[in-house]
Amino acid sequence: MRLVFIGPPGIGKGTYAAAVSQRYGIPHISTGDILRDEVKRGTELGRRVKEYLDRGVLVPDELIIEIVRERLSQEDCRRGFILDGFPRTIRQAEELDGITKIDLVLNFVAPEEVIIDRISGRRICRVCGAIYHVKYMPPRVPGVCDKCGGELYQRDDDKPEVIRRRLEVFKAQFEPIVSYYRGRGLLVEIDASEQAEVVIPRVIAVLERVFNR
Ligand code: AMP
């Protein structure tokens with residue numbers, strides 16, 4: 001089950017991917033998470049990409065393609081994977097085709113107001129990466145992760161001034177990628193305007209149908 005999840009920042013891809021990953025035992029590979037982790041650990045790569053992440057613009061293709069190539073070569077990807085946040089450019093999509101065969105691309109869609117509302121309320125655990133929303137998926141104790149007790153924080157690029165920029169960048173890159181996969185007959189659109197409890201079963205239903213599980 002080699003999947004690509006596409007959708008604007010904040011639509012909930014991370015939440016849906018976590019559910020699919022758990023159900024089918026395939027890794028959730030988020031290029032944004034990989035890059036943020038490098039920045040946090042202060043690695044050489046982290047120092048190179050920090051400025052792009054802070055500005056909400058894409059890091060260079062060569063860099064991200066090598067990261068994904070290396071990640072997909074790991075043992076845990078043999079039975080499949082969920083790519084989240086990659087590809088974002090046609091060059092990345094073409095290179096990906098050279099690395100592996102993609103079985104299905106899920107395109108998550110929702111109106112812009114829904115997306116902005118979701119991103120601005122998103123909070124993430126500093127320790128285990130679990131995702132919450134102050135309104136729609138609040139932790140039991142505000143600011144504290146239910147799973148591990150870690151501190152919850154708001155990503156710098158989830159703040160309103162950067163969100164707008166990220167949505168612009170996304171829109172500019174989005175259509176070509178969607179057409180690319182539509183042209184290959186791999187695209188399925190998922191309405192993600194409702195809450196995760198509604199969207200996740202919708203995603204599972206599509207996967208069961210396509211992969212005959
Ligand atoms: P995300 O968490 O997917 O919204 O990604 C956060 C940031 O990481 C983006 O704003 C980009 O700066 C960078 N990034 C993540 N994935 C990619 C990619 N496939 N190509 C280029 N930059 C990326």
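## Cavities, a pocket and helix packing

Helix H7 gives the second largest pocket the largest share of its lining, four residues. Keep in mind that this is a predicted model. Besides that pocket, with a volume of about 150 Å³, there are two cavities of 30 Å³ or more to look at. We'll also visit two helix pairs, H1 with H8 and H5 with H7, plus a cis peptide bond at proline 87.

**The second largest pocket**

- If you want to find this pocket, look for its lining: Pro8, Phe108, Val109, Ala110, Glu112, Ile115, Leu167, Phe170, Lys171 and Phe174.
- H7 isn't on its own here, since strand E4 (104–109) and helix H6 (112–121) also put in at least two residues each.
- Sorted by class, the lining comes out as eight nonpolar and two charged residues, with no polar ones.

**The largest cavity**

- This one has a volume of about 240 Å³.
- It has 18 lining residues, and Gly12, Thr15, Arg118, His133 and Met137 are the closest to its centre.
- Three elements each bring at least two residues to the lining: helix H1 (13–24), strand E6 (131–133) and helix H8 (196–211).
- H1 has the largest share, with four residues.
- The lining is a mix of seven nonpolar, six polar and five charged residues.

**The second largest cavity**

- Here the space comes to about 140 Å³.
- Of its 14 lining residues, Ile6, Gly7, Pro87, Arg88 and Phe170 sit nearest the centre; Phe170 also turns up in the lining of the second largest pocket.
- Strand E1 (2–6) and helix H7 (160–183) each hand over at least two lining residues.
- H7 takes the largest share once again, with four residues, just as in the second largest pocket.
- By class you get nine nonpolar, three polar and two charged residues.

**The cis bond at proline 87**

- Phenylalanine 86 and proline 87 are joined by a cis peptide bond, with omega at about 0°.
- Proline 87 belongs to the loop that runs between strand E3 (81–84) and helix H5 (90–99).
- You've met this residue already: Pro87 is among those nearest the centre of the second largest cavity.

**How H1 packs on H8**

- The two helices pack at an angle of about 50°, and their axes are 10 Å apart.
- That makes H1 and H8 oblique to each other, because the angle falls outside the ranges that count as roughly parallel, antiparallel or perpendicular.
- The crossing of H1 past H8 is right-handed.
- On the H1 side, the contact uses Thr15, Tyr16, Ala19, Val20, Arg23 and Tyr24, while H8 offers Ala196, Val199, Ile200, Val203, Ile204, Leu207 and Glu208.
- In this contact there are ten nonpolar residues, one polar and two charged.
- Thr15 does double duty, being part of this contact and among the residues closest to the centre of the largest cavity.

**How H5 packs on H7**

- The axes of H5 and H7 cross at roughly 30° and come within 9 Å.
- H5 makes the contact through Ile90, Ala93, Glu94, Leu96 and Asp97, and H7 answers with Pro176, Ile177, Tyr180 and Tyr181.
- The tally by class is seven nonpolar and two charged residues, with no polar ones.

Terms used
Residues numbered from 1 in each chain as written. Predicted model: local features only at pLDDT ≥ 70, side-chain atom pairs only at ≥ 80, totals over all residues. Heavy atoms only, no water. 1 Å grid on protein atoms, 1.4 Å probe; cavity = no way out; pocket = protein on both sides within 12 Å on 5 of 7 lines; lining within 4 Å. Points joined across faces, edges and corners; volume = space filled by probe spheres on them. Nonpolar A, V, L, I, M, F, W, Y, C, P; charged D, E, K, R; others polar. Axes fitted to C-alpha atoms, helices over the stretch in contact; angles between N-to-C directions. Parallel < 35°, antiparallel > 145°, perpendicular 65-115°, else oblique. Left-handed = near helix turned anticlockwise from the far one by under 90°. Contact = heavy atoms within 4.5 Å.
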